[in-house]
Amino acid sequence: MRIHLIAVGQRMPGWVTTAYQDFAKRLPSEYRLNLVELAAGKRGKNADITRAIADEGKRMLDALPRDCRVIALDEQGHAWGTQDLAAQLSDWSQGGRDVALLIGGADGLAPEVKQRADMSWSLSNLTLPHALVRVVLAEQLYRAWSLLNNHPYHRA
C-alpha cells in the first residue's frame with residue numbers, strides 16, 4: 001500500500017520540508033508516503049474564491065491514483081485518537097488499495113472532493129496552518145505504524 005498525500009500548496013518553508021521528510025522516510029517501504037503538491041488557485045484582490053476552490057478541487061481529483069481509498073482532511077471529519085488511527089492504518093493496509101489523503105487550500109476542500117471522499121478525518125478542532133498539517137500527518141502516520149509494530153517510538 002502506498003499513501004499519497006495530495007496537498008494544495010507549493011514552496012513550503014524549509015522547516016516544513018525537513019520535518020515532513022524526516023517522518024516520511026521513517027515509514028517502511030510498504031507504507032511509503034508520496035507527496036503530491038498542487039498549486040493553489042488564484043487569489044488576490046477581487047479574486048473569485050469559489051472558482052479558486054473549484055480549480056483546486058478539479059486538479060486534486062485529477063491527481064488521485066486509480067482505485068484508491070480517499071480520505072479528506074476536513075475540520076468536520078471524524079476525530080481519531082492514536083489508537084483509532086492505528087486501527088485505520090491496519091484496515092487500509094489489509095484492504096490492499098492505495099490511500100490518498102487530501103489537504104485542501106486556504107479556503108478548504110471543494111464540495112466535489114468531499115463528495116468523492118470515502119471518509120473524512122479531522123486532525124483537530126483547531127484550525128492548523130496547511131504546512132503544519134503535512135508535518136503532523138506524517139508524524140501521526142509514523143506513530144500509528146510504530147504502535148502497530150511495537151516500535152518504541154510510541155509510548156502511551
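The following exchange concerns a predicted model of one protein chain and the reasons behind the terms applied to it.

Me: What makes the protein chain as compact as a globular protein of its length?
Reply: The elements of the chain, from the N terminus on, run β-α-β-α-β-α-β-α-β-α. The radius of gyration is 15 Å, and the globule rule gives 15 Å for 156 residues; the two values are close, so the chain is as compact as a globular protein of that length. Along the principal axes, the C-alpha trace spans about 55 × 35 × 25 Å.

Me: How many helices and strands does the chain hold?
Reply: The chain has 5 helices and 5 strands.

Me: What share of the contacts joins residues 24 or more positions apart?
Reply: Among contacts with a separation of 6 or more, 81% are between residues 24 or more positions apart. As for burial, 42% of the 156 residues are buried. The chain exposes about 8,600 Å², of which carbon and sulfur atoms supply 47%.

Me: Why is Cys-68 called buried?
Reply: Buried means under 20% relative accessible area. Cys-68 has 0% relative accessibility, and therefore counts as buried. This residue is found in the loop between helix 2 and strand 3.

Me: Which residues are in contact with Cys-68, leaving aside its neighbours within four places in sequence?
Reply: Cys-68 is in contact with Arg-97, Asp-98, Val-99, Ala-100, Arg-116 and Asp-118, once neighbours within four places in sequence are left aside. For Cys-68 and Asp-118, 50 residues apart in sequence, the C-alpha to C-alpha distance is 9.5 Å.

Me: Is Ile-3 buried or exposed, and how do you know?
Reply: The relative accessibility of Ile-3 is 1%, and the cut-off for buried is under 20%, so Ile-3 counts as buried. Ile-3 belongs to strand 1. Beyond its neighbours within four places in sequence, Ile-3 is in contact with Tyr-31, Arg-32, Leu-33, Asn-34, Leu-89, Val-99, Leu-101 and Leu-141. The C-alpha atoms of Ile-3 and Cys-68 are separated by 9.3 Å, although their positions lie 65 residues apart in the count along the chain.

Me: Why is Arg-11 called exposed?
Reply: Exposed means over 50% relative accessible area. Arg-11 stands at 77% relative accessibility, and therefore counts as exposed. Its place is in the loop between strand 1 (3-8) and helix 1 (14-26).

Me: What makes the phi of Arg-11 worth remark?
Reply: Most residues other than glycine have a negative phi. Arg-11 is not a glycine, yet has a positive phi of about 55°.

Me: What is the phi of Asp-67, and in which loop does Asp-67 lie?
Reply: Asp-67, which is not a glycine, has a positive phi of about 55°. Asp-67 lies in the loop between helix 2 and strand 3. At 56% relative accessibility, set against the cut-off of over 50%, Asp-67 counts as exposed.

Me: How do you know where empty space is left in a structure?
Reply: Rolling a probe the size of a water molecule over the atoms shows where empty space is left.

Me: What makes a set of points a cavity, and how many cavities of 30 Å³ or more are counted here?
Reply: In a cavity, a 1.4 Å probe fits but cannot get out. By this rule the count comes to 1 cavity of 30 Å³ or more. The largest cavity has a volume of about 30 Å³. Its lining includes Val-8, Ile-53, Met-60, Leu-109 and Val-113. Helix 2 (residues 49-63) gives the largest share of this lining, 4 residues. By class, the lining has 6 nonpolar, 4 polar and 1 charged residues.

Me: What distinguishes a pocket, and how much space lies in the largest pocket?
Reply: A pocket is an open set of points, whereas from a cavity the probe cannot get out. The largest pocket holds about 380 Å³ of space. It is lined by 19 residues, and Leu-73, Asp-74, Glu-75, Leu-128 and His-130 lie nearest its centre.

Me: Which elements supply at least two residues each of the lining of the largest pocket?
Reply: Strand 3 (69-79), strand 5 (119-122) and helix 5 (130-148) each do so. The largest share, 3 residues, comes from strand 3. The lining of the largest pocket divides into 9 nonpolar, 7 polar and 3 charged residues.

Methods. Residues numbered from 1 in each chain as written. Predicted model: local features only at pLDDT ≥ 70, side-chain atom pairs only at ≥ 80, totals over all residues. Heavy atoms only, no water. 1 Å grid on protein atoms, 1.4 Å probe; cavity = no way out; pocket = protein on both sides within 12 Å on 5 of 7 lines; lining within 4 Å. Points joined across faces, edges and corners; volume = space filled by probe spheres on them. Nonpolar A, V, L, I, M, F, W, Y, C, P; charged D, E, K, R; others polar. Rg over C-alpha atoms; globule rule 2.2 N^0.38 Å. Buried < 20%, exposed > 50% of the residue type's maximum accessible area, 1.4 Å probe, protein only. Contact = heavy atoms within 4.5 Å. Areas by Shrake-Rupley, 256 points an atom, 1.4 Å probe, with all protein chains shown as cover.
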